[in-house]
Amino acid sequence: MERSQQHYFTPAPDVAVTEHTITVELPDLELTLTTSSGVFSPKRLDPGTRVLLENAPPPPVDGDVLDLGCGYGPIALALAHRYPGRRVVAVDVNTRALDLARRNAVAAGLSAVDARPPEDVPADARFAAIYSNPPIRTGKQALHEMLLIWLARLLPAGRAYLVVQRNLGSDSLAGWLDQQGHPVRRICSRRGYRVLEVAGQ
Ligand SMILES: C[S@@+](CC[C@H](N)C(=O)[O-])C[C@H]1O[C@@H](n2cnc3c(N)ncnc32)[C@H](O)[C@@H]1O
């Protein structure tokens, strides 16, 4: 693939690796994270991810949690800090992002974070909650397929928490999820982002 056609969701970006260290301050915790060129939002915590981490509730039931599209791992690491004792599965198609998420978890001493490609998660794995800043820019079809696969893996009474920019179609995504049999509740609307709570079927 031409470099000019590559995106943060390219499986193995061949843009040169330039690493950065960022500090993420949240109301309840601070994370120091290594990021890199070729992954999503390497210079600062994405503002949508911040809205999700500041507003999403704890998992509603016992069990493992999933960070869907983990990037360099800010959501996975925050979950592992907040909910000790739970395994945090972090998946991404971008191998550079997965490597960073693993390294960041090790550096933070968060052994509960298990970062792996989506296809390495057993099909019978079930999750108490899914937290995601989903890859809207992959296109509607790929996004919809991805969401249906993982929402089907929620435990009964499990919930997914998705942050989506209003300008990038949060309301139409909510409508589509409802039509697919996944009831949606809007948890908050802040700084141009909505956090959606999505039920399984
Ligand atoms: C908007 S970014 C969010 C990254 C990170 N969670 C954050 O908040 O900084 C979405 C991520 O989803 C990943 N992604 C794209 N398609 C995917 C798929 N089918 N399965 C899992 N992850 C995917 C991208 O590589 C990207 O890292």
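**A walk through the strands and the ligand shell**

Strand β6, residues 127–132, lies parallel to strand β7, residues 154–165, and 5 bridges join the two. Within this pairing, S132 has L162 of β7 as its bridge partner. The model is a predicted one, and the account below moves outward from this pair of strands to the sheet, the hairpin, the overall dimensions and the ligand.

β6 and β7 belong to an open sheet of 7 strands, in which the order is β5-β4-β3-β6-β7-β9-β8 and the pairing is mixed. The edges of the sheet are β5 (113–116) and β8 (184–190), each of which pairs on one side only. On average, and with direction ignored, neighbouring strands of this sheet are turned by 20 degrees against each other.

On the other side of β6 in that order comes β3. Strand β3 covers residues 65–68, and strand β4 covers residues 88–91; the two run parallel and are joined by 4 bridges. Across this pairing, L66 stands opposite V89 of β4. In a regular strand, side chains alternate between the two faces of the sheet. For β3 both faces are covered: V65 and D67 are buried on one side, and L66 and L68 are buried on the other.

Strand β4 also holds A90. Is A90 buried or exposed? A residue is buried if 20 or more other C-beta atoms lie within 10 Å of its own. A90 has 29 C-beta neighbours inside 10 Å and therefore counts as buried. Apart from neighbours within four places in sequence, the contacts of A90 are D67, C70, G73, A76, A101, V113, D114 and A115. One of these, D67, is a residue of β3 that is itself buried. By contrast, A16, which is 74 residues from A90 along the chain, has its C-alpha atom 24 Å from that of A90.

The strands β1 and β2 are not in the order of the 7-stranded sheet. They form a hairpin with 4 residues between them. β1 covers residues 19–25, and its pairing with β2 is antiparallel, over 7 bridges. I22 stands opposite L33 of β2. How do the side chains of β2 (residues 30–36) alternate? L31, L33 and T35 point to one face and are buried, while E30, T32, T34 and S36 point to the other face and are not buried. This differs from β3, where the residues on both sides are buried.

Taken as a whole, the protein has 5 helices and 9 strands. Along the sequence these follow the pattern β-β-α-β-α-β-α-β-β-α-β-α-β-β. The C-alpha trace spans about 45 × 40 × 35 Å along its principal axes. For 201 residues, a compact globule would have a radius of gyration near 17 Å, and the 16 Å of this protein agrees with that. Buried residues account for 40% of the 201 residues. Of the contacts between residues at least 6 apart in sequence, 68% join residues at least 24 apart.

The last stop is the ligand. There are 21 residues around it, and F9, T49, G69, G71 and P135 come nearest. By type, the residues of this shell divide into 12 nonpolar, 7 polar and 2 charged.

Key: Residues numbered from 1 in each chain as written. Predicted model: local features only at pLDDT ≥ 70, side-chain atom pairs only at ≥ 80, totals over all residues. Buried ≥ 20, exposed ≤ 12 C-beta atoms within 10 Å, placed from the backbone. Pairing = 2+ DSSP bridges. Axes fitted to C-alpha atoms, helices over the stretch in contact; angles between N-to-C directions. Near = placed C-beta within 6 Å. Nonpolar A, V, L, I, M, F, W, Y, C, P; charged D, E, K, R; others polar. Rg over C-alpha atoms; globule rule 2.2 N^0.38 Å. Contact = placed C-beta atoms within 7 Å.
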